Amino acid sequence: MTTGDGAVVGTTQIVNNGPRTGRWNVVIMGDGYTSHQLTQYRDDAQRTCEAFFDTVPFDQKASFINVFRVDVRSTDSGADDPAGCGGTGATARTYFDATFCSNNLRRLLVVNQNTALAVADDEVPEWHAVLVLVNSTVYGGSGGAVAVSSLATGAQEIALHELGHTAFGLADEYDHLASCEEEGHDDYTGAEPMEPNVTKASTRATIKWRDQILQSTTVPAMRNPDCSKCDRRPSPVPAGTVSAFEGARYFKCGLFRPEYTCKMLELGRPFCAVCRRRILRTLPTTVPSVRERSAAAAGTAVRNAGLNPRFIGSTGSNAWVFSQSPAAGTVVQAGSTVTMRTRTGPIP
Ligand SMILES: [Zn+2]
């Protein structure tokens with residue numbers, strides 16, 4: 001039940017795309033693997049890693065991502081599975097103390113986050129995201145300070161969904177917590193959620209992802225006609241349409257999601273456009289070349305790369321950029337500032 005129930009064996013970098021500074025560093029660790037099961041763990045970690053790089057939009061940013069595998073052995077195999085949740089009642093002595101049934105939901109699989117973060121700090125101090133694979137085939141996962149996934153069918157999808165919470169601050173987009181029949185989840189009346197992929201706003205002018213909604217799209221695309229029931233009608237618009245769809249973040253009404261479906265709603269689906277943009281704005285990016293471009297065009301190029309433009313000098317219609325910092329091609333964290341000095345007049 002504690003770090004006395006195992007040990008950190010060692011760390012291997014399984015994907016190396018450059019220096020840890022300037023790259024996005026993912027750390028995978030395992031819980032409930034005995035020393036004899038570490039070979040299996042390495043295969044599980046490898047499969048997860050491959051699924052990660054096969055997923056949009058991570059595939060577009062592969063060269064900015066490093067992956068590290070921390071091998072941890074546990075005394076026992078598996079995880080605690082309390083009978084109170086319908087589990088087997090099994091207990092397992094494991095290093096990160098993985099257990100199902102957090103918040104009385106069997107699928108909510110958690111580990112000791114402080115232990116996992118401490119191991120990450122020791123092994124890969126430059127980490128950005130920690131994922132713990134739990135050696136159990138019971139369905140489960142969670143996304144808090146660390147992402148947790150079991151080895152249930154579709155485990156890689158669970159891991160990607162939980163990383164959506166942990167690394168990118170994405171909300172669950174589904175419309176119930178335990179079931180569609182539960183009490184207290186009919187109509188949301190709280191504050192505007194902070195996550196980028198859910199909102200209580202339902203008009204084009206107020207929805208936080210309004211710049212991703214086409215002028216020709218109806219807003220909202222779907223409202224739930226009966227807030228006592230989950231709305232399971234088919235989408236009235238083509239897949240991939242960004243608008244507002246009622247039912248999100250455990251409520252049947254009063255909260256909207258950006259697309260009809262998304263990996264934050266159901267496994268096996270792509271991340272929706274709003275979630276993809278959040279991910280891309282979090283990962284490192286390359287500074288574009290803006291020298292000798294007009295100030296307007298340079299600003300657009302910088303913003304399109306997920307960076308903030310800062311001009312020194314005029315930004316008028318005849319202004320152009322004569323120097324930039326950082327230099328073009330530099331890898332920086334998304335959201336970084338690119339400073340550009342401008343001049344006016346013809347480009348010599
Ligand atoms: Zn989404």
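This briefing introduces a sheet, two of the helices and two single residues of the structure shown above. The model is predicted. At its centre of interest here is an open sheet of six strands, whose order is β1-β3-β2-β4-β6-β5 and whose pairing is mixed. The edge strands are β1 (6-15) and β5, each of which pairs on one side only, and the twist from one strand to the next averages 20°.

**Strand pairing in the sheet**

- Strand β1 and strand β3 (residues 65-74) run antiparallel and are joined by eight bridges, and in this pairing valine 8 has valine 72 of β3 as its bridge partner.
- Strand β2 pairs with β3 in the parallel sense over six bridges, and β2 also pairs with β4 in the parallel sense, again over six bridges.
- Methionine 29 has a bridge partner in each of these two strands, namely valine 70 in β3 and valine 132 in β4.
- Together, β2, α1 and β3 make up a β-α-β unit that is right-handed.

**Strand β2 and its two faces**

- Strand β2 is mostly covered, since eight of its eight residues count as buried.
- In a regular strand, the side chains alternate between the two faces of the sheet.
- In β2, Trp24, Val26, Ile28 and Gly30 point one way, whereas Asn25, Val27, Met29 and Asp31 point the other way, and all of them are buried.

**Helices α2 and α3**

- Helix α2 (residues 113-123) lies across β1, β2, β3 and β4, and its direction makes an angle of about 55° with β1.
- Helix α3 (residues 155-168) consists of 14 residues and reaches 19 Å from its first C-alpha to its last, which is close to the 20 Å expected at 1.5 Å a residue.
- Twelve of the 14 residues of α3 are buried, so this helix is largely enclosed by the rest of the structure; among the buried residues are Ala155, Ile158, Leu160, His161, Glu162, Leu163, His165 and Phe168.
- The cover over the buried residues of α3 includes the strands β2 (24-31), β4 (129-134), β5 (141-143) and β6 (147-149), together with the helices α1 (38-53) and α4 (273-282).
- Glycine 169 follows α3, and its phi is positive, near 65°.

**Glycine 141, in an edge strand**

- Glycine 141 is found in strand β5, and it counts as buried because its relative accessibility is 7%, where the cut-off for buried is under 20%.
- Although glycine 141 and leucine 108 are 33 residues apart along the chain, their C-alpha atoms are separated by 5.5 Å.
- Not counting residues up to four places away in sequence, glycine 141 touches Arg107, Leu108, Leu109, Val148, Ser149, Ile158 and Glu162; of these, Ile158 and Glu162 are also among the buried residues of α3.

**Tyrosine 250, in a loop**

- Tyrosine 250 lies in the loop between β7 (245-248) and β8 (251-257), and with a relative accessible area of 24% it is partly exposed.
- The side chains of tyrosine 250 and aspartate 172 are joined by a polar contact of 2.6 Å.
- Leaving aside neighbours within four places in sequence, the residues in contact with tyrosine 250 are Asp172, Tyr174, Asp175, His176, Leu177, Glu182 and His185.
- Tyrosine 250 and cysteine 180 are 70 residues apart in sequence, while the distance between them in space is 9.2 Å, C-alpha to C-alpha.

Key. Residues numbered from 1 in each chain as written. Predicted model: local features only at pLDDT ≥ 70, side-chain atom pairs only at ≥ 80, totals over all residues. Heavy atoms only, no water. Helix = DSSP H or I, 4+ residues; strand = E, 2+ residues; numbered from the N terminus. Buried < 20%, exposed > 50% of the residue type's maximum accessible area, 1.4 Å probe, protein only. Contact = heavy atoms within 4.5 Å. Polar contact = N/O pair within 3.5 Å; in protein donor to acceptor, adjacent residues only side chain to side chain. Expected span 1.5 Å × (residues − 1). Pairing = 2+ DSSP bridges. Axes fitted to C-alpha atoms, helices over the stretch in contact; angles between N-to-C directions. Right-handed = clockwise from strand over helix to strand, strands pointing away.
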